[in-house]
Amino acid sequence: MGVWDFVLVGLVLLLGLCGVMVPGVPGSWLVWAAVLWWALADVEPVTWWVLVGATVALFLSQVVRWALPPRRLRPGWAGRRTAVYAAAGSFLGFFLVPVVGSVPGFLGGAYLEARRRLGRHGEARAAVRTAMRSGGWSVLTELFTCQLIAGAWLGAVVWG
């Protein structure tokens, strides 16, 4: 597999990660398709293990999302700016506190935007709680799973 193939797979992964935050874009499918493309092009045992792991992780992610309390997943579960702050916080948290930092980073980013917008701690906390109840947990679950898959791909490419 050439360098340009790796770059293209990485771009599709990045597009999938960003697509998780955009309503109507199948972000998790793009992430899985990128890993499938990589596994088919670079036939080594590690690539197939990453593909199997990605498939199992996405399946479990769907099970968790279905098990969450039924809420109305509105296309705009929060404002666009909240989604951007939450995604940025999640990505920063994923790298600053490896893997597990994604969840507090997501919540922290959403809180930071709500605090900036509303000004008070109590109101910002209530806004984050409302956003998470109206679909934020579902988005966080999907984003975290896609980040795990992208991290596994990156680890396999660098150290595999």
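Start by selecting Ser28 and whatever surrounds it in this predicted model. Leaving aside neighbours within four places in sequence, Ser28 is in contact with Val20, Leu58, Glu142 and Cys146. Show those four as sticks along with Ser28. The serine itself is found in helix 2. Buried or exposed? With a relative accessible area of 9%, under the 20% cut-off, Ser28 is buried.

Now widen the selection to helix 2, residues 27-41, and add helix 3, residues 45-67. Two packed helices are described by the angle between their axes and the distance between the axes. For this pair, the axes come within 9 Å and cross at roughly 160 degrees. Angles over 145 degrees count as roughly antiparallel, so that is the label for helix 2 and helix 3. Turn the view to look through one helix at the other, and you should find a left-handed crossing.

Which residues make the contact? On the helix 2 side, pick Ser28, Trp32, Val35, Leu36, Trp38, Ala39 and Leu40. Ser28, your starting point, is thus part of this contact too. On the helix 3 side, pick Thr47, Trp48, Val50, Leu51, Ala54, Thr55 and Leu58. Leu58 is also one of the residues you displayed around Ser28. Colour the set by residue class and you get 11 nonpolar, 3 polar and no charged.

Next stop: helix 4, residues 80-96, together with helix 6, residues 121-159. Here the axes come within 11 Å and cross at roughly 40 degrees. That angle makes helix 4 oblique to helix 6. As for handedness, helix 4 passes helix 6 in a right-handed crossing. To see the contact, select Ala87, Ser90, Phe91 and Phe94 from helix 4, then Leu143, Gln147 and Leu148 from helix 6. By class, the contact residues split into 5 nonpolar and 2 polar, with no charged ones.

For the last stop, jump to helix 5, residues 102-118, and centre on Glu113. How accessible is Glu113? Its relative accessibility is 2%, so Glu113 counts as buried. What does the Glu113 side chain pair with? Draw a distance to the side chain of Thr82: the two make a polar contact at 2.7 Å. To finish the neighbourhood, add Arg81 and Tyr85, which Glu113 touches along with Thr82, not counting residues up to four places away in sequence.

Conventions. Residues numbered from 1 in each chain as written. Predicted model: local features only at pLDDT ≥ 70, side-chain atom pairs only at ≥ 80, totals over all residues. Heavy atoms only, no water. Axes fitted to C-alpha atoms, helices over the stretch in contact; angles between N-to-C directions. Helix = DSSP H or I, 4+ residues; strand = E, 2+ residues; numbered from the N terminus. Parallel < 35°, antiparallel > 145°, perpendicular 65-115°, else oblique. Left-handed = near helix turned anticlockwise from the far one by under 90°. Contact = heavy atoms within 4.5 Å. Nonpolar A, V, L, I, M, F, W, Y, C, P; charged D, E, K, R; others polar. Buried < 20%, exposed > 50% of the residue type's maximum accessible area, 1.4 Å probe, protein only. Polar contact = N/O pair within 3.5 Å; in protein donor to acceptor, adjacent residues only side chain to side chain.
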